[in-house]
Amino acid sequence: MAATALDTLQQQMVPAAGAALLSHGTLAFTLAPAELVPTVRRLRDEFGFDIFLDVTAVDWPAAALRFEVVHHFYSTAHKARVRLKTRVAEADPTLDSLVGLYGSAAFMERECHDMYGIVFRGNHDLRPILLYEGFVGHPLRKDYPKQREQPLVPYRT
Amino acid sequence: MDTVFPNPVRPLFGTPLRDDSVIVNIGPSHPATHGTVQIIAELDGEKVLRTDVHCGYLHRGFEKECEDHTWHNLIPYVDRLNYVSALVNDFAYCDGVERLMGIEITPRCRYLRTLLSEYSRVVDHLTCLAAGLMEMGAMTAFLYLVMVRDFMYEHLAALTGARVTYSYGRIGGLARDLPAGWLVRLEEILVQYEEFVARVHALVDRNRIFIDRLRDVGVITTADALSFGCTGPILRSTGVPRDLRKDMPYLAYAELDFDIPVGIKGDNYDRYFVRMREMDESVYMIRQLAQMLPEGPINVDDRRCTFPDKALVYSEIESLINHFKLVMDGPGVPPGEIYCAHEAPNGELGFYMVSTGGGTPYKVHVRSPSFAHIGAASRMLDGGQLADIVPTFGSINMIGGECDR
């Protein structure tokens, strides 16, 4: 079931959505940023990917397009997973938001914004969610030192 | 001395919608919520008009820390994600790393992991239900459930050496095999479980007080649950039989006979009942697995990840070097990426891991069910009563460890 659904998906999506690759049971697409929202809309409306699982990023500091933003989707009908990978540059880490398509996007994108500083265009609530108001920097970027401390309240001496 | 500390959150709304409504702040450390979570609510009398839910008070940089340790060293960390059912986290994480390495675990390990996952599910649901019922005043039900849970904790301590955070999974196997008599004691505990859960059913199921507090409270529709990424008992309580154990069978679930309990309308009563019935299914599975459990080794014979026998480490140079390399460099995981999800008691627990080769992960991301559920919490709380925040929040079963990472 899942395998045939993914086969169909691969055949129909590949020309528009770029290269596809089956990795450990998940069909992974690499997309241009502009393709993201149209692709996700097709995934949701035509292929039944009804759960937006999460979004995160992978930081490749040496690459020209530094951040690889990774979205995961699941289809309860086909019992299949899809991963979408989009590259954005450090100078302009902006990507269209999925808030118009999935309710979970609002929260998930806040976390990704916290951790990597990816700006999701259209998500108007990118307040810190796991971090706190006033935190400087994005801790999951590779150039954020692990030992750096930013106490909100001064330590007791 | 008057010190004004900075506010860690910026509320979504600062001014009331109406003249007669008030904005109150609940938490982050409120006696009625278990878990550090902050709910900023606008109230009209006792009616909740809108809420802004904040998590993150237990954030400890789990994902950052993962990038600085070997794959083996992360096992105690993943234990502390959902610390009520730590074994499920262990096994989901190890399964992901094993798939990256192309390792197939031994049959005994596969069945044991399945058995212990289901045992953890029972422990997790017992904890959630006990706390939820206690918050509504059911002290007896709480004590019954927590007593059985403590039998299980002690029983797991006999196996793993720890009550809550076990560090029992290993990449390619398990820390140790079952001690003598463990399965005999398991059956004794399951009999106790049946007796006390039957009493809780008798106390709660048709009790007017609980029905009034739970029925049609904290309702979420199937469409909303899917859109907000809800999985596990919350999605199933809306009537969707969506369970990874059936949909994408992993470990030994394909060989087991079990049902997926679902609710009718996604309210607190359904979530209570789905959890109660899921525990029964888990016990049914545990009994099947105890019968099916084959003899044999629990660890794969693979020098890339399995530690050599201690006697050999002390007596031959190859094993000593092997041990040293595994501790210092970590297991050799080939480059690649994987999203590996298990059906945790709260829902889909996914590990997205990226390896660039070598003993340390390049990235580990956790897709935690609690985080998605907290994102959907406003949907369940808005329009309800102030007093219903407590049971609704209890039935969401937010676990700070995995929500905030």
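The following exchange examines chains A and B of a predicted model.

In this predicted model, local features need pLDDT of at least 70 and side-chain atom pairs pLDDT 80 or more, while totals for chains, interfaces and linings use all residues. Residues are numbered from 1 along each chain as its sequence is written, and chains are lettered from A and ligands numbered from 1 in the order in which they are written.

Trainee: What share of the 157 residues in chain A is buried?

Mentor: A residue is buried if 20 or more other C-beta atoms, placed from the backbone, lie within 10 Å of its own, exposed if 12 or fewer, and partly exposed in between. For chain A, the buried share of the 157 residues is 44%.

Trainee: Which strands of the open sheet in chain B stand at the edges?

Mentor: Strands (E, at least two residues) and helices (H or I, at least four) are DSSP runs numbered from the N terminus, and two strands pair if DSSP finds at least two bridges between them. The sheet has the order 1-2-3 with antiparallel pairing. Each edge strand has a single partner, so one side is left without a neighbour in the sheet; these are strand 1 (22-26) and strand 3 (47-54) of chain B.

Trainee: Over how many bridges do strand 2 and strand 3 of chain B pair?

Mentor: Strand 2 covers residues 38-44 of chain B. B:Asp44 stands opposite B:Lys47 in strand 3 of chain B. The antiparallel pairing of strand 2 with strand 3 of chain B runs over a number of bridges equal to seven.
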